[in-house]
Structures are given as structure tokens and as C-alpha cells.
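Open the model in your viewer and keep the selection box at hand. We will go from stop to stop, picking residues and looking at what is there.

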Amino acid sequence: MAAFHHHHHHHHHHHQQQQQPPSADLRRLFHRLTLASSLSILCFSLVYLLTGCCESVLTDNSDIKTPTQEVLVSGWSLERNGTRVEPVGALSALPGLEANSSGKEWTATRRLPQALIIGVKKGGTRALLEFLRLHPDIRALGSEPHFFDRHYARGLDWYRSMMPKALDGQIVMEKTPRYFVTVETPARVHAMSQDVKLIVVVRDPVTRAISDYTQIISKAPDIPPFERLAFKNHTSGQIDSLWSPLWIGLYAQHLERWLAWFPRSQVHLVSGERLISDPAGELGKVQDFLGLQRIVTDKHFYFNKTKGFPCLKKPEGSSKPHCLGKTKGRTHASIDPHVMQKLREFYKPHNQRFYQMAGQDFGWQ
């Protein structure tokens, strides 16, 4: 009885409301609208989250690529002839949103790199990469993937899966200093992209060789002294130019191999010495080369006297200043000045030829 009475009362109340002035109608309409809109927002965000999750599960689990898992996770069959077809992004995975092209600019996808730091070992490539990462339009891989020299057999899809996600206007890049000196690499890079931009950080080959040797000792302390490795035999004073630390410094012959595949305009040379003495100046030229606004400037750097290196005031996603790791800016092994002189003489003609190819004098002694 009470329940019926309540119901009746409610009904009566409802009936009364209809005779009320139009403002009440408006209020009810407004309530309905807010309810509807909040529901639709909720729905959309749920769908967005779900598709977003699916996509990240698909792209980040690059090790576990079982077809069943992919089809289950996503509900879209992604296995076409055994290759992984990734949804372009959370939005385009929803049918009907494809027409809306603006969705694409806001969707980060994994792409093959448009720029590579290809060398040279011990030239300052890590410093350059870390400095470049301050730029909002650069998406760089932190580790060295060694794709074109060591893991080429894994294929471009594996390589792409290693890359960070990037938006439309951003430049994807990686660094592997070994690329510059490996014989097969230029052709392989060219097969991936004919208009990739190549960056080489070069440094005085003599100091580069000693830095290289210093790194070798740190990993294998029982290695013979530098002098013994640098000369084929000490009496004739003939230099062993095939010993890796010395061979890498023959920049002209390595650059020549790259220029057989790429125009000089696609190769940018960075002075390793100036990268330390004037990081902002060198970075400005690299940003120009990459077609980016000059955003990384001298405001980003301060010089650390103990390390003898420029450091970053505010690195990516942090408010603390940051210098490169402990293995950077090491004190070099001490080398006999007579040996140094021999090496300078050995490199002189090579450096001259390199300056001519580069169209710039790096001023190495």
C-alpha cells in the first residue's frame, strides 16, 4: 500500500510539473543534455583507451609476436600473410574516423629513421645525440641498434619496431658510430631510404685513436701498450693502418664509400672539437641541416670545469642539470710524444684529402 501510494504520489507530482512555466522544461532538457554528453564523453574515452591499449600492447611487445595473441588482443585480424600490420594509431583503428585526417597528426607511430648519426666512434656521438634530444621535434633511440652492420638479417620490420613513436612532423633518428666504417652499410642504408640525412662527428684522428685505445684498456686491462699495436715493427717505424683505432681515423676513405651512394648535400660533418668548445654553434648547424627550428641554443649548456665538457642545464624530462656518463671525458692513456709525432705525419695526407672532400678544414695538427 505504501509503495503504491508513493508511486501514485510521484506520478501526480510529475503531472503537476507539466503545467509549470517553460523554465522547468528547459531545466529538464538541460539535465538530459548534460547526462547525454557526459555519457558520450565516457564512451569515447573508454573506446580510445581500449584501442590505445591494444595498440601499445601490439607495438611494445616486439618479442612476443604470436599471431593468436594479436588477434585476441585487438579483435581486428592483424596477421596478413604473416606480417604484422600495425594500426596506424588509436584513432584510425576506429572505422569512420579515417576520413578525419586531422586524427593522424596527433597519432604517434613507429617509423624508420629519417636521420642517422653514422660516426665516428669516440668522436662525440653520444654528446651530440643527447644535445639533439633537447629538441621537441627529435625522437631518438637511446641505445645503438647496430642494425645495418650486425643485425641486418632481422629485417626492416624489426628495425622499425625498435624506433620510438613519433608524430607527423617529428624526425626519428638513431646513432651507431660503426656504420661509418663498415663496408656494406652505405648500400644497405640507401636501400632503406635514398634521402636519409647522415651526420658524422669527426675528431682529430690521433686523439681519437688514443681515446679508442683508452676505452679498450678499460675493458681489457692486459692489452699490449699502444706503441706496440700502432706499429707493424718498431725498427722500420711502419704504421699498422689496419689496427682498428688507426683505421677508423682514415676518414677520407670511409667518406668516399658513403659518397658513392649519397650526395654530399645529405652528409653533414660535425667537428668533435667544436662540439665541446661551442656546443650551441655546432648544434645550430645540425638543426639547420635537419630542417628544424634552432631551438637548442647556448641557453641549454653550461661548461663543467672538472669534466672539461659542456653539460645540460635541464635535460629531457628533468629539472636537474646533467653531464654525460662516467665513461665520457676520460683521462687518456699517456703516449710517447715521438709516437704521437709519427702518427701526425701518417695522418697528414689523409686529413688533407678529407678536408678537400669535406670542403672544410678541421684544423687538426
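## Stop 1: Arg188

Select Arg188: with a relative accessibility of 23%, this residue counts as partly exposed. Buried would need a value under 20%, and exposed a value over 50%. Remember as you look that this is a predicted model. Arg188 belongs to helix H7, residues 185–192. Now add Asp149 to the selection. The two residues are 39 apart along the chain, and their C-alpha atoms are separated by 9.0 Å.

## Stop 2: The sheet

Next, switch to a cartoon view and find the open sheet of 5 strands. In what order do its strands lie? The order is S5-S7-S4-S8-S11, and the pairing is parallel. Select 138–140 for strand S5 and 267–271 for strand S11; these are the edge strands, each pairing on one side only. Look along the sheet and note the twist: neighbouring strands are turned by 25° against each other on average, direction ignored.

What holds such strands together? Strands of a sheet pair through backbone hydrogen bonds, in a parallel or an antiparallel way.

## Stop 3: Strand S7

Select residues 171–175, which make up strand S7. Is S7 enclosed or open to the outside? Of its 5 residues, 5 are buried, so the strand is largely enclosed by the rest of the structure.

Show the side chains. In a regular strand they alternate between the two faces of the sheet. On one side of S7 you find Ile171, Met173 and Lys175, and on the other Val172 and Glu174. These residues are all buried, and both faces are covered.

Now look at the partners of S7. Select strand S4, residues 115–119: it runs parallel to S7, and 3 bridges join the two. Ala115 stands opposite Met173. Leu116 has Glu174 as its bridge partner. Then go to S5, which also pairs with S7 in the parallel sense over 3 bridges. There, Ile138 stands opposite Ile171.

## Stop 4: The loop from S4 to H5

Select Gly119 and Val120. The peptide bond from Gly119 to Val120 is cis, with omega near -5°. Val120 lies in the loop between S4 and H5.

Lys122 is in that loop too. What is special about the backbone of Lys122? It has a positive phi of about 60°, although it is not a glycine. Lys122 has a relative accessible area of 16%, so it counts as buried.

Move on to helix H5, residues 125–132. How many of its residues are buried? The count is 8 of 8, so the helix is largely enclosed by the rest of the structure. Among them are Arg126 and Glu130, along with Leu128, Leu129 and Phe131.

## Stop 5: The largest pocket

Turn on a surface and look for the largest pocket, with a volume of about 810 Å³. It is lined by 37 residues. Select Lys121, Lys122, Gly123, Gln215 and Lys328: these are the closest to its centre. Which elements give two or more residues to the lining? They are H5, helix H8 (205–219), helix H12 (272–277) and strand S13 (309–312). Color H8 by itself, as this helix gives the largest share, 8 residues.

## Stop 6: Aromatic rings

Hide the surface and show the rings. The whole structure holds 20 aromatic pairs. One of them is Phe354 with Phe362, a stacked pair with 5.7 Å centre to centre and 20° between the planes. Phe354 is buried, at a relative accessible area of 0%. Phe362 counts as buried at 9%.

Now select Phe147, Phe148, Tyr152, Trp158, Tyr159 and Tyr179, which form one aromatic cluster. Add Arg154, which lies over the face of Trp158, at 4.8 Å from the ring centre. For another charge over a ring, select Lys197 and Phe289. The charged end of Lys197 sits over the ring of Phe289, 5.6 Å from its centre.

## Last stop: His146

Finish with His146, in the loop between S5 and helix H6 (155–162). What is the sign of its phi, positive or negative? Phi of His146 is positive, near 50°, in a residue other than glycine. His146 is buried, with a relative accessible area of 10%.

Technical notes
Residues numbered from 1 in each chain as written. Predicted model: local features only at pLDDT ≥ 70, side-chain atom pairs only at ≥ 80, totals over all residues. Heavy atoms only, no water. Pairing = 2+ DSSP bridges. Helix = DSSP H or I, 4+ residues; strand = E, 2+ residues; numbered from the N terminus. Axes fitted to C-alpha atoms, helices over the stretch in contact; angles between N-to-C directions. Buried < 20%, exposed > 50% of the residue type's maximum accessible area, 1.4 Å probe, protein only. Phe/Tyr/Trp six-rings, centres within 6.5 Å; stacked < 30°, edge-to-face > 60°. Lys NZ or Arg CZ within 6 Å of the ring centre and 35° of its normal. 1 Å grid on protein atoms, 1.4 Å probe; cavity = no way out; pocket = protein on both sides within 12 Å on 5 of 7 lines; lining within 4 Å. Points joined across faces, edges and corners; volume = space filled by probe spheres on them.
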